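Colleague: Please take a close look at a single part of this model and walk me through its pairing and packing. I would like one connected account, with the cut-offs stated as you go.

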Amino acid sequence: MSLGAPVLRFAPSPNGRLHLGHAYSALLNADLAARMGGVCRLRIEDIDPQRSKPALIDAIFADLAWLGLHYPEPVRRQSDHMGDYRAARDDLIDRRLAYPCFCSRGQIRALAEAGKATACDPDGAPLYPGTCRSLDPARVAENLARGEPHTWRLDMTAALRCTGPDQGYVAFDATGAQRIAADPARWGDAVIARRDVPTSYHLAVVHDDAAEGISHVVRGRDLEAASDLHVLLQKLLGLPTPHYRHHPLLLDAGGEKLAKSRGSQSLADLREAGVTPRRIRMQLGFV
Ligand SMILES: [Zn+2]
């Protein structure tokens, strides 16, 4: 942990309007930063060129300002830093810790269905069986030269050999801090760079947390398992590991996680309906 004031971040993706779940995470980060005498930065996680929309970035700024949240400039946009992610990816490739995977999603699903392996990663996707890990190097070179679409996958076994098996991080909450053991192997050979961009969520977030000097990562429990992979990537790339806190997710009346796709009301909807920022803060326990 670096010396100096704590640095937190709120890092939404501009692929939908912010809802109450985002408001809770943003307010919690701001509240904790204030209590710890630190700052909270805003980061726009827009690596997805299909789903990220400029109008939605403007809407994020407007919604957060409406809630009374203001952030230091400059606000980092991940789409401005693809070169940095590419360099981190290439570092892992050069060290033979990542390999190209030419399988389509459908092929991977079919492999999982046909095979005996029923194991899934923590997100519920079938674990990649490692088909492309042992492809003939000449064939790989040929595929790459031909521009065959591919992702880049972390060679989990090689990665754990490189870092050693002991993985973990410090988790903190209101009652204190404790060491948590991490198990990155449950992600298998995770994708570190997608077909369309030279990074994945995991690689970009790990790079950015270090680049922005983030000391405390406060995010939803839906990302708790991802932290296991993140601490491994930090070790591989020689980056510091922040302290982590994974907060409960806000659920709708049916007990489901709030999501635009399930018709959860956006902050803009609530504002339209005459709900005040103060009422939202009270509802979420921040007044
Ligand atoms: Zn493959």
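Modeller: Helices and strands here are DSSP runs numbered from the N terminus, a helix being H or I over at least four residues and a strand E over at least two. The model is predicted, so local features need pLDDT of at least 70 and side-chain atom pairs count only at pLDDT 80 or more, while totals for chains, interfaces and linings use all residues. Residues are numbered from 1 along each chain as its sequence is written.

The part I have chosen is the antiparallel sheet with the core and helices that go with it. Three strands form this open sheet in the order 4-5-8, with antiparallel pairing (two strands pair if DSSP finds at least two bridges between them). Strand 4 (98–101) and strand 8 (191–193) are the edges, each having a single partner strand, so one side of each is left without a neighbour in the sheet. Neighbouring strands of the sheet are turned by 45° against each other on average, direction ignored; axes are lines fitted to C-alpha atoms, for helices over the stretch in contact, and angles between N-to-C directions run from 0 to 180 degrees. Strand 5 (residues 151–154) is joined to the antiparallel strand 8 by two bridges, and Arg-153 stands opposite Val-191 of strand 8.

The sheet also contributes to the largest nonpolar core, a set of buried Ala, Val, Leu, Ile, Met, Phe, Trp, Tyr and Cys residues joined through C-beta atoms within 7 Å. Buried means 20 or more other C-beta atoms within 10 Å of a residue's own, exposed 12 or fewer, and partly exposed in between, with C-beta atoms placed from the backbone. This core has 28 residues, of which Leu-92, Ala-98, Leu-154, Ile-192 and Leu-203 touch the most other members. Two or more residues come from each of helix 3 (82–94), strand 4, strand 5, helix 6 (156–163), strand 8, helix 7 (201–211) and helix 8 (224–237), and helix 8 gives the most, with six residues. Apart from this core lies another, of 25 residues, among them Ala-23, Ile-44, Ile-214 and Tyr-244. In soluble globular proteins, nonpolar side chains tend to be buried together.

Ala-98 shows how the pieces meet: leaving aside residues up to four places away in sequence, Ala-98 touches Arg-89, Leu-92, Ile-93, Trp-152, Arg-153, Leu-154, Asp-155 and Ile-192 (contact is C-beta atoms, placed from the backbone, within 7 Å). In the loop between helix 3 and strand 4 sits Arg-96, whose phi is near 60°, a positive value in a residue other than glycine. Most residues other than glycine have a negative phi, and most peptide bonds are trans. Arg-96 counts as exposed because it has 10 C-beta neighbours inside 10 Å.

Helix 3 and helix 7, both contributors to the core, also pack on each other at an angle of about 105°, with their axes 10 Å apart. That makes helix 3 roughly perpendicular to helix 7, where angles of 65 to 115 degrees count as roughly perpendicular, under 35 as roughly parallel, over 145 as roughly antiparallel and the rest as oblique. From helix 3 the contact draws on Asp-84, Tyr-85, Ala-88 and Arg-89, which meet Leu-203, Ala-204 and His-207 of helix 7. By class this contact has four nonpolar, one polar and two charged residues, with Ala, Val, Leu, Ile, Met, Phe, Trp, Tyr, Cys and Pro counted as nonpolar, Asp, Glu, Lys and Arg as charged, and the others, Gly among them, as polar.

For contrast, a few words on the surroundings. Another open sheet has three strands in the order 1-2-3 with parallel pairing, and its edge strands are strand 1 (7–10) and strand 3, each pairing on one side only. Two bridges join strand 2 (residues 39–44) to strand 3, running parallel, and Ile-44, a member of the 25-residue core, has Arg-77 of strand 3 as its bridge partner. Helix 1 (residues 20–35) lies across strand 1 and strand 2, running at about 170° to strand 1. In the loop between helix 2 (54–66) and strand 3 (76–77) is Pro-74, joined to Glu-73 by a cis peptide bond with omega about -5°. Strand 9 (residues 216–220) is largely enclosed by the rest of the structure because four of its five residues are buried, whereas helix 5 (residues 137–145) is hardly covered, with zero buried residues among its nine.

Methods:
Contact = placed C-beta atoms within 7 Å.
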